Amino acid sequence: YVGADGTRQGVDVELATEALRRMGYTAQFRQIVWENKDDDLEDGTVDCLWGSFSMTGREEQYLWAGPYMKSRQVIAVPSESGIMSFADLADKRIGVQMTSKPDEILSSGSDERIPALRELYCFSNLDYAFAAMRKGYVDAVAGHEVAFLEYMKATSGTYRILPESLIEVDLGVAFFKCGNQELAKALCEALSQMQEDGFTAQLLQRYGLDAHGTLEDDGT
């Protein structure tokens, strides 16, 4: 997410900055149109995709570094919403990021726990999805728990995450399938080193996550 000072912030930003520093690089972050991500990888607009990107189910589509943490795909609602569980989503409007795992799951109707929705709206990024929820255009938003937690700290309004998860996934860094294998291998080694020396665990705990990247249970 973008902090008050205009800089990119969050778990992925800090992990990327440290991993690339150890490799002798300086991280540069670019906002892209997510549905164009494959073209951006292929033409070199970006070297890799790093931003709560699920390896799970996409293992053969990209050249991967990781996994570096786990994340749940969840559904968030306004705090005052009467939606308390997946069962309450019947005839509701849900927002997702286009081409994301929640988009795939909810579009396909493959999760039997999810009742028939009124509408599924696809947005190019989380900012638009949350803006739609703030204005009442959608009743809920589905996406990565880690990304939601960070976004909820930095935006206006109060929200809560439903207790059920759509899916638990491994997060990784995606390179073009026929891309730079040496760079991907070096990043894998840097990420492994960060896990072994405790950097990743300490960072995740600072963000309220356990060493695997899932939300810590505070008893509430």
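Here are a few short exercises on the aromatic rings of this predicted model.

**Exercise 1.** Work out which kind of pair Phe130 and Phe148 form, and where the two rings sit.

*Solution.* Start with the bigger picture: there are eight aromatic pairs in the structure. For Phe130 and Phe148, the ring centres are 5.3 Å apart and the planes meet at 90°. Centres within 6.5 Å make a pair, and planes over 60 degrees apart count as edge-to-face, so this one is edge-to-face. Next, place the rings: Phe130 belongs to helix H4 (residues 126–134) and Phe148 to helix H5 (residues 145–154), so the contact ties together parts 18 residues apart in sequence. Last, check accessibility. Phe130 comes out at 0% relative accessibility and therefore counts as buried; Phe148, also at 0%, is buried too.

**Exercise 2.** Now take Phe130 with Tyr151: is the pair stacked, edge-to-face or tilted?

*Solution.* The centres lie 4.4 Å apart, with 35° between the planes. Stacked needs under 30 degrees and edge-to-face needs over 60, so the pair is tilted. Then look at the chain: Phe130 is in helix H4 and Tyr151 in helix H5, 21 residues apart, so to speak a link between distant parts of the chain. Both Phe130 and Tyr151 are buried.

**Exercise 3.** Which residues form one aromatic cluster with Trp34?

*Solution.* Go to Trp34 and pick out its partners: the cluster is made up of Trp34, Phe53, Tyr62 and Trp64.

**Exercise 4.** Find the ring whose face has Arg22 lying over it.

*Solution.* Follow Arg22 to Phe199: Arg22 lies over that ring's face, 5.7 Å from the ring centre. That fits the 6 Å cut-off for a charge over a ring.

Technical notes. Residues numbered from 1 in each chain as written. Predicted model: local features only at pLDDT ≥ 70, side-chain atom pairs only at ≥ 80, totals over all residues. Heavy atoms only, no water. Phe/Tyr/Trp six-rings, centres within 6.5 Å; stacked < 30°, edge-to-face > 60°. Helix = DSSP H or I, 4+ residues; strand = E, 2+ residues; numbered from the N terminus. Buried < 20%, exposed > 50% of the residue type's maximum accessible area, 1.4 Å probe, protein only. Lys NZ or Arg CZ within 6 Å of the ring centre and 35° of its normal.
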